[in-house]
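I opened this notebook to record, step by step, what I looked up in one structure. My entries begin with a rule that I need before I can read the aromatic rings.

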Amino acid sequence: ANPVDLTDGVNGDFYINTTTNTIFGPKAGGVWPAGVSLVGANGTNGTNGTNGTNGTNGTNGIDGTNGTNGADGAKGATGATGAAGAQGPAGDVVLVFEYKLGSQSLSKLSVRKIKNLNEFKLAKSAKIVAYRKAGTSVKDSMVQARAMAAQIRLSHPTMNVTVSPSPSQLKICKPIGNQCMSVVLSK
């Protein structure tokens with residue numbers, strides 16, 4: 001607080017208000033003069049100091065030693081069995097005409113017997129592959145192949161039956177029995 005004339009100090013005293021940083025005095029004739037602030041205006045900012053120099057890098061530490069390998073983990077459980085794959089497409093069935101059924105070769109089978117053979121029941125197409133037997137004519141070989149095709153068509157009317165190759169491309173075969181042709185059945 002500011003000094004009170006009647007109660008604070010005697011003539012010649014100074015009084016400082018520490019709350020407002022104001023100095024009063026000297027007191028004269030029993031009266032305190034107006035106070036003067038002890039705090040001046042803000043000074044200007046000083047200049048920045050110069051940056052210090054960087055310190056030197058420390059030396060690298062030495063490498064540590066490698067750790068030992070850990071033990072092998074326990075064997076995992078066997079995985080579940082995978083789903084079954086889809087069934088593959090049916091392959092071609094090849095009937096070689098040296099095959100005997102009872103006492104007859106396939107080329108002499110009746111329509112009824114061809115109709116009852118499982119291989120023919122499952123097939124959708126038949127290709128007669130003819131060969132020329134040594135000592136026989138191309139014509140005779142093609143007649144036998146076409147006769148077999150006719151028997152298959154009679155026993156299986158919906159089956160697609162073809163004869164190959166063309167007569168000029170017949171190869172000579174060495175028959176095991178009496179026949180030189182084969183049938184390829186496709187599903």
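**Entry 1, aromatic rings.** Before looking, I noted that rings of Phe, Tyr and Trp, the last with its six-membered ring, pair if their centres lie within 6.5 Å, and that planes under 30 degrees apart count as stacked, over 60 as edge-to-face and the rest as tilted. I also kept in mind that the model is a predicted one. By the pairing rule, I found a count of 2 aromatic pairs. One pair that I looked up is formed by Tyr15 and Phe24, with 6.2 Å from centre to centre and 55° between the planes, and it is tilted. I used both values because a pair of aromatic rings is described by the distance of the centres and the angle of the planes. Tyr15, Phe24 and Trp32 form one aromatic cluster.

Are Tyr15 and Phe24 buried or exposed? Here I needed the cut-offs: buried means under 20% relative accessible area, exposed means over 50%, and partly exposed lies in between. Tyr15 has 24% relative accessibility, so I wrote it down as partly exposed, whereas Phe24 has a relative accessible area of 7% and is therefore buried.

**Entry 2, the chain as a whole.** I then stepped back and read the secondary structure of the chain, which comes to 3 helices and 11 strands. Along the sequence, I wrote the pattern as β-β-β-β-β-β-α-α-β-β-α-β-β-β. The chain has 187 residues, and buried residues make up 22% of them. Its accessible surface comes to about 13,900 Å², and carbon and sulfur atoms account for 52% of that. Among contacts with a separation of 6 or more, 59% join residues that are 24 or more positions apart.

**Entry 3, a sheet of 3 strands.** Which strands lie at the edges of the open sheet with the order 1-2-3? The sheet has 3 strands with antiparallel pairing, and its edge strands are strand 1 and strand 3 (36-37), each of which pairs on one side only. Strand 2, residues 22-24, pairs with strand 3 in the antiparallel sense over 2 bridges, and I found Ile23 opposite Val36 in strand 3.

I also looked at Ile16, which is found in strand 1, residues 15-17. With 46% relative accessibility, Ile16 counts as partly exposed. Together with Leu38 and Val39, Ile16 makes a nonpolar surface patch of about 270 Å².

**Entry 4, two backbone details.** I first reminded myself that most residues other than glycine have a negative phi, and most peptide bonds are trans. In the loop between strand 1 and strand 2 I came to Asn21, whose phi is near 55°, a positive value in a residue other than glycine. Asn21 is partly exposed, with a relative accessible area of 34%. In the loop between strand 2 and strand 3 I came to Pro26, which is joined to Gly25 by a cis peptide bond with omega of about -10°.

**Entry 5, Ala123.** Which residues does Ala123 touch, not counting those up to four places away in sequence? I listed Met159, Leu185, Ser186 and Lys187. Ala123 lies in the loop between helix 2 (118-122) and strand 7 (125-130), and with 13% relative accessibility it counts as buried. Ala123 and Lys187 are 64 residues apart along the chain, yet I noted that their C-alpha atoms are separated by 4.5 Å.

Methods. Residues numbered from 1 in each chain as written. Predicted model: local features only at pLDDT ≥ 70, side-chain atom pairs only at ≥ 80, totals over all residues. Heavy atoms only, no water. Patch = residues over 30% accessible without salt bridge, like charges linked within 9 Å, V, L, I, M, F, W, Y side chains within 5 Å. Areas by Shrake-Rupley, 256 points an atom, 1.4 Å probe, with all protein chains shown as cover. Salt bridge = Lys/Arg side-chain N within 4 Å of Asp/Glu carboxyl O. Helix = DSSP H or I, 4+ residues; strand = E, 2+ residues; numbered from the N terminus. Buried < 20%, exposed > 50% of the residue type's maximum accessible area, 1.4 Å probe, protein only. Contact = heavy atoms within 4.5 Å. Pairing = 2+ DSSP bridges.
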